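Here is a short report on charged side-chain pairs, cysteines and model confidence. The sequence and the structure come first.

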Amino acid sequence: MSTNNLVMSIDAMGGDNSPKVVIEGLNLARKRNPDIRFLVYGDEKKVTEEMDKFPDLKKVCQIFHTEEFVHNEDKPSHVIRNRATSMYQAVEAVKKGEAQAVVSAGNTGALMAISKMQLKTIQKIHRPAIVSIMPHQSGKYVMLDLGANTECDGINLAEFAIMGNILAKHALGIENPRVALMNIGAEEMKGKGEIHVASHIIKSAHLNMNFIGYIEPHDIPKNKADVVVADGFSGNIALKSVEGTCTLVMRMIKQAIKDSFFAKLGLPFMLGAMKKLKATMDPRLYNGAMFVGLNGLSVKSHGGTDAFGFSVAVENAAKLVRKDFVSAIRHELENIDLDELSQEAYYDVY
């Protein structure tokens, strides 16, 4: 394989209906990104069976046979001790420098545990976070943490803000992203102490960041921020609430049309708008949650996605590799002592 190409490491056995969906997804990603090469880890017989359908894809893939794979019910404490799985070996390829990013649709907890153990956190980062790209009324925003850390202190939230700011610049192309801490109110004294500490740290660090303060959950879809920062517990609940609301709205629209004779008559005139709405809300377009704060890129595709969704996750990872995202985080933190700033912040807040 040429070292001039972008190399991605792929866990072919993770997620539903694998390796079929994974291989089909890689083929779609290859068509749009001819510079990518793939190291594919999984059951060689099953992988080859699917890959034989795509001769051009096969030319840019190297298959590594693994006897085992991570199951959805496997505990992270178990999988980190099993080096024989496709997920473990795919992550290890990034650690060894053989690939620049890993993508898996497998067990989220397992991928996080293996990635953290193998790739380690970037110096000065205390905890990695899960981040995803989401739609708002006129574009996209990034949100983190989405479940990696159920409890966070002020310094963790400040680090998430820094990483989210860099991600929005690189993945969304926003020159000066608006960064906000999710809170129960926009007022200065609302919310938990750690949120106030994080706000104090961000303001005191003189970061190259457009920090706009606090944002309430109902304002997130209104294009008031490009980066939304929360602890993993709150962020995960907010994410699932948004997903559930989107599903509910789409079902209610369909039911309203079904129950109304006049709505059915007007449906042909609404098709363009409905197609645009469906395209905007298509979850496959936002597939690929990233583990940020590690010495390497690890991307989690939704386990139930289809080939198009998996290809989006691969392309999101490739985009960040091209932008040298990990180095950008290191550079941003190079001359900042967040630990010292956090001590000052705790003193002022408490």
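A salt bridge here is a side-chain nitrogen of Lys or Arg within 4 Å of a carboxyl oxygen of Asp or Glu. The model is predicted, so local features need pLDDT of at least 70 and side-chain atom pairs count only at pLDDT 80 or more, while totals for chains, interfaces and linings use all residues. Residues are numbered from 1 along each chain as its sequence is written, and side-chain values use heavy atoms, with hydrogens and water left out.

**Salt bridges**

The salt-bridge rule gives a count of 12. The table lists three of these pairs.

| Pair | Closest N to O distance |
|---|---|
| Asp56 and Lys59 | 3.5 Å |
| Lys192 and Glu194 | 3.4 Å |
| Lys192 and Asp231 | 3.8 Å |

Lys192 pairs with Asp231 through a salt bridge. Lys192 sits in the loop between strand 7 (178–182) and helix 8 (193–204). Asp231 sits in the loop between strand 9 (227–229) and helix 9 (232–259). The pair therefore ties together parts that are 39 residues apart in sequence. Helices (H or I, at least four residues) and strands (E, at least two) are DSSP runs, numbered from the N terminus.

Lys192 also bridges to Glu194. Together, Lys192, Glu194 and Asp231 are linked in a network of salt bridges.

How accessible are these residues? Buried means under 20% relative accessible area, exposed over 50%, and partly exposed in between (1.4 Å probe, protein chains only). In the network, Asp231 is buried at 11%. Lys192 is partly exposed at 43%. Glu194 is partly exposed as well, at 22%.

The Asp56 and Lys59 salt bridge has its own profile. Asp56 is partly exposed, with a relative accessible area of 43%. Lys59 is exposed, at 67%.

**Cysteines**

How many disulfides does the structure hold? The count is 0, where a disulfide is a pair of cysteine sulfur atoms within 2.5 Å. Cys61 is buried at 14% relative accessibility. Cys152 is buried too, at 10%.

**Confidence**

pLDDT is the predictor's confidence in each residue, from 0 to 100. The protein has a mean pLDDT of 88. Of its residues, 95% reach 70 or more. Among the elements, strand 9 has the highest mean pLDDT, 97. Helix 13 (residues 338–349) has the lowest, 63. Where pLDDT is low, the predicted coordinates should not be read in detail.
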